[in-house]
Amino acid sequence: MTMDKNYQLNDGSSTPAIGLGTIDLKGAKGVNSIVTAIEENGYRLIDTSTNYNNEGAVGEAIRRTIVPREELIINSKLPGAAHDYDQAIQLIQESLYRLGIDYFDKYLIHWPLPKQGKYVEAWQALIDAQKFGLIKTIGVSNFLTEHLEKIIDETGVTPATNQIERHPYFNNKELVEDNKRLGIMPEAWSPFGREINDVLENETIRKIAEKHDKATAQIIVRWNVQNDVLVIPRSSSPLHQKQNLDVFDFELTDEELNAIDDLDKGEPGRVEGQHPNEYEEFV
Ligand SMILES: NC(=O)c1ccc[n+]([C@@H]2O[C@H](COP(=O)([O-])OP(=O)(O)OC[C@H]3O[C@@H](n4cnc5c(N)ncnc54)[C@H](OP(=O)(O)O)[C@@H]3O)[C@@H](O)[C@H]2O)c1
């Protein structure tokens, strides 16, 4: 059994199957958590966003770690207030200055904001920022199938990844399948339902975890790995960070995978009811 996993994206680049989420990892404690994740626990993919107000901490961790910059995959996201083409280009540059790096390995549009109606323009900005050398891999986040099809139709460029809400109470299966059909790698955000739902204590998952002598969090990460969905759990705890990567020495059966799929509650299962056609962030 291989002890890690990588995915090849549609632009030819490669990404680890598991990355580190960083919401709330900020300030000096955040920097320490991120450095520990990289150096002691082996994380290479780090997910941040202008909206998390921690690009500074991620940048500081990049400077402090002994792991070379080129081994890290730094991902950030364009906020809703910067969907205008010129603003998007400028914001990407500002974001790079905040991090103290000169290119993003991966950069996503954070939310489509369809009521504002500018996500095609924002996508064009990412396409051009990639040509300018500011970004290596371009993708989106929280895009529904109709949004994906629109940007592909209007620009001819398919995003490499789409980061979407996915955890056992909201498995977003149709959108996961649509992404795959379009050649887009789905990424699961809030895989443990943040601190909001009780998925880490769920009885079905607990029983599966006991059987494999693993933590419930590891079962959820493994469920994503076996479904070929990139996953970015967040943890400030060195032990949890380690656990969340340590999922390559066991395999869930089809029955177990199906039992986790069956925990889906549909729309009411979303952690904060953030439907991508309604949710708006204009940070
Ligand atoms: N694109 C988007 O719109 C979007 C939206 C939300 C999130 N995200 C991304 O997705 C990442 C992950 O989502 P999230 O931060 O919302 O939450 P999450 O990863 O679902 O859950 C984080 C919580 O789980 C706990 N935890 C982590 N590993 C654990 C383990 N092995 N055992 C027990 N508890 C564990 C953490 O506590 P400890 O710190 O104590 O371990 C923390 O309280 C974010 O950080 C962000 O990068 C993106």
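**Exercise 1. Describe the largest pocket of this predicted model, beginning with its volume and then working through its lining.**

Step one is the volume: the largest pocket encloses about 810 Å³ of space. Step two is to find the residues around that space, and here 40 residues form the lining, with I23, S190, R194, E195 and R234 the closest to the centre of the pocket. Step three assigns the lining to secondary structure, where the elements that give two or more residues are α8 (216-226) and α9 (238-245). Of the elements, α9 gives the most, with three residues. Step four sorts the lining residues by class, which yields 14 nonpolar, 17 polar and nine charged.

**Exercise 2. Work out how many cavities of 30 Å³ or more the structure holds, and state which residues line the largest cavity.**

Begin with the count, since the structure holds one cavity of 30 Å³ or more. The space in the largest cavity comes to about 50 Å³. Next, list the residues around it, namely R166, K173, V176, E177, K180, N227 and D261. Helix α6 (residues 173-181) then accounts for the largest share of this lining, with four residues. Finally, a division by class gives five charged residues, one polar and one nonpolar.

**Exercise 3. Establish the strand order of the open sheet of eight strands, and explain why one side of β3 and of β10 is left without a neighbour.**

The first step is to read the order, which is β3-β4-β5-β6-β7-β8-β9-β10, with parallel pairing. The second step looks at the edges, where β3 (20-21) and β10 (230-231) each have a single partner strand, so one side of each is left without a neighbour in the sheet. In general, strands of a sheet pair through backbone hydrogen bonds, either parallel or antiparallel. The third step takes one pair in detail: strand β8 (residues 161-165) and strand β9 (residues 185-189) are joined in the parallel sense over five bridges. Within the register of these strands, N162 stands opposite P186 in β9. The fourth step adds a helix to the picture, for α3 (residues 85-99) lies across β5 (73-78), β6 (104-109) and β7 (135-141), and runs at about 135 degrees to β6.

**Exercise 4. Locate D24 and N142, and describe the phi value of each residue.**

Take D24 first, which is found in the loop between β3 and α1 (27-39). Phi of D24 is near 75 degrees, a positive value in a residue other than glycine. Turn then to N142, whose place is in the loop between β7 and α5 (145-155). N142 likewise is not a glycine, and its phi is positive at about 60 degrees.

**Exercise 5. Relate the annotated domain to the model, giving its residue range and its helix and strand content.**

The range comes from the record: an unreviewed UniProt entry carries the annotation "domain: NADP-dependent oxidoreductase" over residues 18-264. In the model, this span is 44% helix and 15% strand, and its end C-alpha atoms lie 22 Å apart.

Note on methods:
Residues numbered from 1 in each chain as written. Predicted model: local features only at pLDDT ≥ 70, side-chain atom pairs only at ≥ 80, totals over all residues. Heavy atoms only, no water. Pairing = 2+ DSSP bridges. Contact = heavy atoms within 4.5 Å. Axes fitted to C-alpha atoms, helices over the stretch in contact; angles between N-to-C directions. 1 Å grid on protein atoms, 1.4 Å probe; cavity = no way out; pocket = protein on both sides within 12 Å on 5 of 7 lines; lining within 4 Å. Points joined across faces, edges and corners; volume = space filled by probe spheres on them. Nonpolar A, V, L, I, M, F, W, Y, C, P; charged D, E, K, R; others polar. UniProt positions renumbered as here; feature names shortened; annotations may be inferred.
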